[in-house]
Amino acid sequence: MGDLWSMEQEDKNLHAQQPDEAQTPAKQPEPKGYEAYLSLFDLVRMLAVITLMFVFFFRVNGVSGSSMYPTFVDTDWLVLQSNFLYKDVKRGDIVVLSVDAPELNGPIVKRVIATGGQTVDIDFETGTLYVDGKIQVESYIFEPTYLNEGLSFPLTVPENSLFVMGDNRNHSLDSRSVSIGCVGTDRVLGKALFILIPGRQTNETGAVTGKRDFSRIGAAS
């Protein structure tokens, strides 16, 4: 009899612990516009990630002028590897630099010709460029280097500095000029990776000669 009473009591206790389905509150419908709010939140979060990437890892920079013709033309937009990651600057890299010179308005885009400790010499009569006594074969330039901007050669690049020139050698203000000279590596904003948006086609003087050539989108070299 005692066992039967205990089983009945346990059954009552279990029944008491089970929630009454009739008393369970029904799930309330989401407020109007809740899904739109979630979508907006996801969009803001995605934009925040993209912004952080372009602050610390990549930059977007416009080309002004024709100094890098034919590699780049005026109003090309470039994606750069930010100096947050880009530390090992090499000869031949195309870089964007912040330079203090009265003739300039904003950063410049140039090609690295020599790094710290290397010696640059230029024969302006033949247009020949030498680095550490070796003639440089430069397939990317528009024409040989005839423009002397006042700096004396041969020149040994100081440590932690760069000697840079534009690919449009006779229409470029660069390290050949006494107002710029060798540029400190701490002035490098980033390395040009690829053309994001091509500018309108121009000639070596910067005069517009055609429409945007979207086949130019791609790696910078």
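**Exercise 1. Describe the surface and the overall make-up of the chain.**

Solution. The accessible surface of the chain comes to about 13600 Å², and 56% of that surface belongs to carbon and sulfur atoms. Accessible areas here come from the Shrake-Rupley method with a 1.4 Å probe, and for residues only the protein chains shown count as cover. This is a predicted model, in which local features need pLDDT of at least 70 and side-chain atom pairs count only at pLDDT 80 or more, while totals for chains, interfaces and linings use all residues. Residues are numbered from 1 along each chain as its sequence is written, and side-chain values use heavy atoms, with hydrogens and water left out.

The next step is to look at the elements: the chain has two helices and 14 strands, where helices (H or I, at least four residues) and strands (E, at least two) are DSSP runs numbered from the N terminus. Of the 221 residues in the chain, 35% are buried; buried means under 20% relative accessible area, exposed means over 50%, and partly exposed lies in between (1.4 Å probe, protein chains only). Finally, among the contacts in the chain with a separation of 6 or more, 62% are between residues 24 or more positions apart, contact meaning heavy atoms within 4.5 Å.

**Exercise 2. Work out how β1, β2 and β11 are paired, and which residues form the nonpolar patch.**

Solution. Two strands pair if DSSP finds at least two bridges between them. Strands β1 and β2 pair in the antiparallel sense over five bridges, and within this pairing Val 60 stands opposite Val 79 in β2. Strand β2 is also joined to β11 by six bridges, again in an antiparallel arrangement, and Gln 81 has Lys 191 in β11 as its bridge partner.

Val 60 leads on to the surface, where Val 60, Trp 77, Phe 194, Leu 196 and Ile 197 form a nonpolar patch with about 410 Å² of accessible area together. Patches are made of residues with over 30% relative accessible area and no salt bridge (a side-chain nitrogen of Lys or Arg within 4 Å of a carboxyl oxygen of Asp or Glu); like charges are joined within 9 Å and nonpolar side chains (Val, Leu, Ile, Met, Phe, Trp, Tyr) within 5 Å. Strand β11, residues 188–197, gives the most to the patch, with three residues. One of the patch residues, Leu 196, lies in β11 and is partly exposed, with a relative accessible area of 37%.

**Exercise 3. Give the strand order of the open sheet that contains β6, and explain what sets its edges apart.**

Solution. Four strands form this open sheet in the order β7-β6-β5-β8, with antiparallel pairing. Strands β7 and β8 stand at the edges with a single partner strand each, so one side of each has no neighbour in the sheet. At the β7 edge, β6 and β7 pair in the antiparallel sense over two bridges, and Val 131 stands opposite Lys 134 in β7.

**Exercise 4. Find the backbone features that depart from the usual pattern.**

Solution. Most residues other than glycine have a negative phi, and most peptide bonds are trans. Against that background, the peptide bond from Tyr 69 to Pro 70 is cis, with omega near 5°, and Pro 70 has its place in the loop between β1 (58–62) and β2 (77–82). A cis peptide bond also joins Phe 153 and Pro 154, with omega about 0°.

Turning to phi, Asp 132 is not a glycine and yet has a positive phi of about 55°; Asp 132 is found in the loop between β6 (128–131) and β7 and counts as partly exposed at 44% relative accessibility. Asn 160, likewise a residue other than glycine, has a positive phi near 60°, lies in the loop between β8 and β9, and is exposed at 59% relative accessible area.

**Exercise 5. Describe the surroundings of Arg 176.**

Solution. Arg 176 is found in the loop between β9 (161–165) and β10 (183–184), and is buried, with a relative accessible area of 0%. The Arg 176 side chain makes a polar contact with the side chain of Asp 174 at 2.8 Å; a polar contact is a pair of N or O atoms within 3.5 Å, where within protein one must be able to donate a hydrogen and the other to accept it, and residues adjacent in sequence count only if both atoms are side-chain atoms. Leaving aside neighbours within four places in sequence, the residues in contact with Arg 176 include Phe 124, Glu 149, Phe 153 and Arg 169.
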